[in-house]
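Subject: Structure handover

Hi,

Here is the structure you asked about. Please open it alongside this message; my notes follow below.

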Amino acid sequence: MARRRSRGSTEIRALFRALPDAAREEMVDVLEGGSRSILANMIRRAPKGKTGKLRRGLKYKVSRTALTARIGLVDTPKSRNRIFYARILDLGRRAQVAKAVRRTASGKISRYTIRVKGFTGLHFITGEYTNLRTVMGEKLRGAWDRILKRAGASNG
């Protein structure tokens, strides 16, 4: 959910922008294939619910220019607001007492407290997908090897 930047990311992004189109397309293909498999596992681990809106709200986006992949709740803010509870289900919630104010039909204001039960998150979005990330890393490494070999053959 949170974005992290590592040292040297601007230099790496400049390198990615300078890649030839064929190399970029090969990397995008690998990122899309890996993103699809991670998304399929997220959907499989997500709770079904009555309408299936949560599972349909999980998507992936691959940036062709930056060569990055975002997987999970990546749609527009309006559509993410429709499944606002996904974050609660994923990360969990602590037990608390909430104060509520409600206006009745007659116009009176009633104030009361609600005890909200806590639960641990299901981690269907933020969970460990170590095996899939390893496989995706291997495919990316193989794509880099092919790209560098082609670049070396054309320069030599």
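Which side chain meets that of arginine 64 in a salt bridge? It is the side chain of glutamate 32, at 4.0 Å from N to O. Before the rest, one caution: this is a predicted model.

**Salt bridges**

A search of the whole structure finds five salt bridges. I will go through three.

Start with the pair above. Arginine 64 sits in the loop between strand E1 (59-63) and strand E2 (68-72). Glutamate 32 is in helix H2. The two residues are 32 apart, so to speak of distant parts of the chain being linked is fair. Arginine 64 is partly exposed, with a relative accessible area of 40%. Glutamate 32 is partly exposed too, at 22%.Salt bridges that share partners also join Arg64 and Glu32 with Glu25 in one network.

Next, arginine 146 and glutamate 26. Their side chains meet in a salt bridge at 2.6 Å, N to O. Arginine 146 lies in helix H6 (residues 130-155), and glutamate 26 lies in helix H2 (residues 21-45), so this pair ties together parts that are 120 residues apart in sequence. How buried or exposed are the two partners? Arginine 146 counts as partly exposed, at 42% relative accessibility. Glutamate 26 is buried, with a relative accessible area of 13%.

Then aspartate 75 and lysine 59. Their side chains meet in a salt bridge at 2.9 Å, N to O. Aspartate 75 is in the loop between E2 and helix H4 (77-82). Lysine 59 is in strand E1. The pair links distant parts of the chain, 16 residues apart. Aspartate 75 is partly exposed at 22% relative accessibility. Lysine 59 is partly exposed at 33%.

**A buried acid without a salt bridge**

Side chains of opposite charge can pair when their charged atoms come close. Now look at aspartate 90, in helix H5 (residues 85-91). Aspartate 90 is buried, yet has no salt bridge. Which side chain of opposite charge is nearest to aspartate 90? That is arginine 87, and it is 6.9 Å away. A salt bridge needs the charged atoms within 4 Å, so a distance of that kind does not qualify. The side chain of aspartate 90 does have a polar partner. It makes a polar contact with the side chain of threonine 126, at 3.1 Å.

**Aromatic residues**

The structure holds one aromatic pair. Phenylalanine 84 and tyrosine 85 form it. Their arrangement is edge-to-face. The rings are 5.7 Å apart, centre to centre, with 85° between the planes. Phenylalanine 84 counts as exposed, at 56% relative accessibility. Tyrosine 85 counts as partly exposed, at 27%.

**Backbone**

Most residues other than glycine have a negative phi. Two residues to look at here are leucine 67 and histidine 123.

Leucine 67 has a phi near 55°, a positive value in a residue other than glycine. Where is leucine 67? It lies in the loop between E1 and E2. Leucine 67 is buried, with a relative accessible area of 9%. Arginine 64, from the salt bridge with glutamate 32, is also placed in the loop between E1 and E2.

Histidine 123 has a phi near 50°, again positive in a residue other than glycine. Histidine 123 is found in the loop between strand E6 (119-120) and H6. At 33% relative accessibility, histidine 123 counts as partly exposed.

**The whole chain**

How many helices and strands does the chain have? There are six helices and six strands. From the N terminus on, the elements run α-α-α-β-β-α-α-β-β-β-β-α. The radius of gyration is 22 Å, well over the 15 Å that the globule rule gives for 156 residues, so the chain is more spread out than a compact globule. Along its principal axes, the C-alpha trace spans about 85 × 30 × 25 Å.

Buried residues make up 26% of the 156 residues. Glutamate 26, leucine 67 and aspartate 90 are among the buried ones. For contacts between residues at least 6 apart in sequence, 62% join residues at least 24 apart.

Best wishes

Conventions. Residues are numbered from 1 along each chain as its sequence is written. This is a predicted model: local features need pLDDT of at least 70, side-chain atom pairs count only at pLDDT 80 or more; totals for chains, interfaces and linings use all residues. Side-chain values use heavy atoms; hydrogens and water are left out. Helices (H or I, at least four residues) and strands (E, at least two) are DSSP runs, numbered from the N terminus. Buried means under 20% relative accessible area, exposed over 50%, partly exposed in between (1.4 Å probe, protein chains only). Lys and Arg count as positive and Asp and Glu as negative; His and the chain ends are not counted. A polar contact is a pair of N or O atoms within 3.5 Å; within protein, one must be able to donate a hydrogen and the other to accept it, and residues adjacent in sequence count only if both atoms are side-chain atoms. Rings of Phe, Tyr and Trp (its six-membered ring) pair if their centres lie within 6.5 Å; planes under 30 degrees apart count as stacked, over 60 as edge-to-face and the rest as tilted. The radius of gyration is taken over C-alpha atoms; the globule rule is 2.2 Å times the number of residues to the power 0.38. Contact means heavy atoms within 4.5 Å.
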